Amino acid sequence: MKLEELRIYQRANEISDEIWQLVTKMSYFEKDTIGKQLARSADSISANIAEGYGRFFYKENRQFCFYSRGSLTETQNWLGKCNRRQIIDVVIYEKLNEQLNDLHKSLNAYIKTLGKAASDN
C-alpha cells in the first residue's frame with residue numbers, strides 16, 4: 001500500500017487543509033500568535049505519519065505515530081483556545097474537534113496494528 005492510500009494519512013491531510021483555510025482568514029495578531037501554532041501542529045499530524053511510514057522497522061513507524069498523536073492533541077489544544085477566545089465559530093470548532101476525535105481513535109487502532117506487526121517479526 002502506498003502512503004497516499006493510507007486512510008489516516010488522508011484524513012489527517014484533510015483536517016490540516018481545513019485548518020489552514022481557517023488560519024488564513026484570521027487577523028494578523030491571531031494568525032501570528034495562535035494561528036501559526038495551530039497550523040504547524042495540524043500539519044505535523046500527517047507529517048509524522050508519513051515519516052513513520054517511510055521507516056524500515058515497525059517500531060520506528062509506531063514511534064512516529066505516537067508523535068503524530070501528540071500533535072493531534074496539541075491541535076485540539078489550540079482549537080480549544082481559538083474557541084474560548086471566540087476566534088472561530090463554535091460550529092467550526094465542534095466539527096473540527098469531532099474530526100480530530102475520530103482520527104485519534106483511528107490512529108490508536110493503527111498504532112495497535114503496528115505493535116502487533118512488530119511483535120510478530
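This is a conversation between a trainee and a mentor about how helices and residues are described in a predicted model.

Trainee: Let's start with helix 2 and helix 3. What makes helix 2 roughly antiparallel to helix 3?

Mentor: Helix 2 (residues 28-53) and helix 3 (residues 58-84) pack at an angle of about 160°, and their axes are 8 Å apart. Angles over 145 degrees count as roughly antiparallel, so helix 2 is roughly antiparallel to helix 3. The crossing of these two helices is left-handed.

Trainee: Which residues of helix 2 and helix 3 meet?

Mentor: From helix 2, the residues include Ile34, Leu38, Ile45 and Tyr53, and from helix 3 they include Asn61, Phe64, Trp78 and Leu79. The residues of this contact divide into 12 nonpolar, 9 polar and 3 charged.

Trainee: And why is helix 1 called roughly antiparallel to helix 2?

Mentor: Try the same reasoning here. Helix 1 and helix 2 pack at an angle of about 165°, with 9 Å between their axes. The cut-off for roughly antiparallel is over 145 degrees, so the name fits helix 1 and helix 2. Helix 1 also passes helix 2 in a left-handed crossing. Among the residues that meet are Ile8, Ala12, Ile19 and Trp20 in helix 1, and Leu38, Ala42 and Ile49 in helix 2. This contact divides into 12 nonpolar, 5 polar and 2 charged residues.

Trainee: Now single residues. How do you know that Asn61 is buried?

Mentor: Asn61 has a relative accessibility of 7%. Buried means under 20%, so Asn61 counts as buried. Asn61 lies in helix 3, and it touches Gly52, Tyr53, Arg55, Tyr110 and Leu114, leaving out residues up to four places away in sequence.

Trainee: What makes Gln86 count as exposed?

Mentor: Its relative accessibility is 68%. Exposed means over 50%, so Gln86 earns that label. You will find Gln86 in the loop between helix 3 and helix 4. Gln86 also has a positive phi of about 60°, although it is not a glycine.

Trainee: Why is Glu51 called partly exposed?

Mentor: Glu51 has a relative accessible area of 37%. Partly exposed runs between the 20% and 50% limits, so Glu51 belongs there. Glu51 is in helix 2. The C-alpha atoms of Glu51 and Ser27 are separated by 32 Å, and these residues are 24 residues apart along the chain.

Trainee: And how do you know that Tyr53 is partly exposed?

Mentor: Tyr53 comes out at 27% relative accessibility. With limits of 20% and 50%, Tyr53 therefore counts as partly exposed. Tyr53 lies in helix 2. Tyr53 and Leu3 are 50 residues apart in sequence, and 7.0 Å apart in space from C-alpha to C-alpha. Setting aside residues up to four places away in sequence, Tyr53 touches Met1, Lys2, Leu3, Leu6, Asn61 and Tyr110.

Trainee: Which residues have the most contacts inside the largest nonpolar core?

Mentor: They are Ile19, Leu38, Ile49 and Leu79, in a core of 30 residues. Helix 1 (7-24), helix 2, helix 3 and helix 4 (90-120) are the elements that give two or more residues to this core. Helix 4 supplies the largest share, 8 residues. As for Leu79, its contacts are Ile19, Leu22, Leu38, Ile88, Tyr93, Leu96 and Leu100, leaving aside neighbours within four places in sequence.

Terms used:
Residues numbered from 1 in each chain as written. Predicted model: local features only at pLDDT ≥ 70, side-chain atom pairs only at ≥ 80, totals over all residues. Heavy atoms only, no water. Axes fitted to C-alpha atoms, helices over the stretch in contact; angles between N-to-C directions. Helix = DSSP H or I, 4+ residues; strand = E, 2+ residues; numbered from the N terminus. Parallel < 35°, antiparallel > 145°, perpendicular 65-115°, else oblique. Left-handed = near helix turned anticlockwise from the far one by under 90°. Contact = heavy atoms within 4.5 Å. Nonpolar A, V, L, I, M, F, W, Y, C, P; charged D, E, K, R; others polar. Core = buried A, V, L, I, M, F, W, Y, C linked by side-chain atoms within 4.5 Å. Buried < 20%, exposed > 50% of the residue type's maximum accessible area, 1.4 Å probe, protein only.
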